[in-house]
Amino acid sequence: MTCRIAVFGTGYLGATHAACMAELGHEVLGVDVDAGKLAKLESGEVPFYEPGLTEVLERNLEAGRLRFTSSYADAAEFADVHFIGVGTPQKKGEFAADLTYVDSVIDQLAPLLTEPAVIFGKSTVPVGTAERLRARARQLAPAGDDVDLAWNPEFLREGYAVRDTLHPDRVVLGVDRALPGRAVEVAREVYSQLLDEEIPFIVTDLATAELVKTSANAFLATKISFINAMAEVCEASGADVTVLADAIGHDARIGRRFLNAGIGFGGGCLPKDIRAFMARAGELGADQALTFLREVDNINMRRRSRMVELARDAAGGSLLGARVSVLGAAFKPDSDDVRDSPALNVAGQIQLQGAAVTVYDPQAMDNSRRLFPTLNYATSTLEACAGADVVLVLTEWKEFRELNPDVLGTVVRGKVVLDGRNCLDVDRWRTAGWQYRGLGRAA
Ligand code: UGA
């Protein structure tokens, strides 16, 4: 069954969701206020780097199943299923999430809903938001209680966005249990192909659905900070955190994934989500339950400082005048996203200590320049490393993991490599004459 769907927001989440819903055979309209983004998307260009998304976008534009608009009136007229995929960034100077964009979608869309419609929220929001938005949508909409609002959190990872959207681990749907509407039935139609593949479909109340998302990200962040805390102890005791992670990861109850120690987590989700979660728990009087997340955040930020410390040691005790090459700027590989990127944060701190820092990233150069215009940027690894005293690998792109240390050795001034992601083959680098340091491993 074909649904007529509008997706509000065309960022990493919204653009992927719109293209993937069209890929499932639905008729989709992507809605955004950013005319530049819309023009790109309409011409088949994805405004950010996401492997595989361009193909899905082009295919569905061509098939006429996918269009874009800035008009809420068009969206309200065209669709009876609406997805909210706008951002919920951290508020300036506070831990809490900024809900301006989500609120604005409801305030603009609901007054235009004259016919029955279902709104699905996908953005990550503090628990309690969906209930508030549901009441507001029904109050503003001429169709009143014929408008249903449910929460359908998204679990996609950047770099795997298409795959995660079309083959999710689970579909979670939060509905108002007391006043049920049409959301469950409509979600079954929208996701019928996924549900046919027996992907678990978990229907619950609004608050639980919101919390599933926030707690999943909190757990992932905790897992990373746990292994990074072990890295600190390994550094203090001469042990090796990578071997430790492999060994504990064999226990299926622990699992090896998300146990990579390094300079920690960044991006537009995990850091701000754990902070917003703490802020919301505080409002609910449950702040004690989440005080450990404060430590998760602290451990994470400490890893960045530790990297800077290692760079200073490697430069002979002072970074003043040192030439430092930074390989990687994106918050993780296969993404051009530099929001709260540990790599750029470390590069910036090292520059502040007086080093000349040159950065190279396969995809994130434009975004990095915008955020950190004072760093030097090179167009290749070899150019970035020419004459370097210290080389830092801070994002584990495949092209860095597979670097040839013999070739790199011919352009640097000092053969010192600091592996901020424990992604290099230590023996290979040491055999090639490099001084290698990883995080959580003996010198
Ligand atoms: C994360 C979650 O993984 C998704 O499930 C969620 O949907 C998304 O946030 C979101 O809320 O939208 P994402 O931010 O794309 O996805 O990236 P991750 O793969 O989770 O990586 C986050 C950060 O953790 C990166 O900086 C990465 O380098 C770091 N990381 C990850 C580690 O330091 N160690 C690990 O073992 C794994």
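The shell around the ligand draws on both halves of the chain, with at least three residues from each of domain 1 (4–199) and domain 2 (238–443). Keep in mind that this is a predicted model. There are 21 residues around the ligand, and the nearest are E158, N260, F265, C269 and K332. Sorted by character, the shell comes out as ten nonpolar, seven polar and four charged residues. If you look for its biggest single contributor, that's helix α10 (residues 206–237), which supplies three residues.

Now for the two domains themselves. The protein chain splits into domain 1 (4–199) and domain 2 (238–443), and their centres, taken over C-alpha atoms, sit 33 Å apart. Where they touch, domain 1 puts in 13 residues and domain 2 puts in 15 residues. On the domain 1 side of that contact, nine residues are nonpolar, three are polar and one is charged.

Next, an open sheet. Its six strands pair in parallel, in the order β11-β10-β9-β12-β13-β14. The edge positions go to β11 (376–377) and β14 (435–438); each has a single partner strand, so one side of each has no neighbour in the sheet. How is β14 held to β13? Four bridges join β14 to strand β13 (residues 416–419), and the two run parallel. One residue pair to look up there is V416, whose bridge partner in β14 is Q435.

Two helices go with this sheet:

| Helix | Residues | Strands involved | Angle |
|---|---|---|---|
| α13 | 291–314 | β9 (323–327), β12 (390–393), β13, β14 | about 170° to β13 |
| α14 | 342–352 | β9, β10 (356–360) | about 160° with β10 |

So to picture it, helix α13 lies across four of the strands named in the table, β9, β12, β13 and β14, while α14 packs on the sheet and touches β9 and β10.

Finally, the annotation. An unreviewed UniProt entry places the feature "domain: UDP-glucose/GDP-mannose dehydrogenase C-terminal" at residues 325–426. Over that stretch the chain is 32% helix and 18% strand, and the C-alpha atoms at its two ends are 19 Å apart.

Notes. Residues are numbered from 1 along each chain as its sequence is written. This is a predicted model: local features need pLDDT of at least 70, side-chain atom pairs count only at pLDDT 80 or more; totals for chains, interfaces and linings use all residues. UniProt positions are given in the numbering used here, feature names are shortened, and annotations may be inferred rather than shown by experiment. Two strands pair if DSSP finds at least two bridges between them. Two residues are in contact if their C-beta atoms, placed from the backbone, lie within 7 Å. Axes are lines fitted to C-alpha atoms, for helices over the stretch in contact, and angles run from 0 to 180 degrees between N-to-C directions. A residue is near a molecule or strand if its C-beta atom, placed from the backbone, lies within 6 Å of it. Ala, Val, Leu, Ile, Met, Phe, Trp, Tyr, Cys and Pro count as nonpolar, Asp, Glu, Lys and Arg as charged, and the others, Gly among them, as polar. Domain bounds come from an automatic or database domain assignment.
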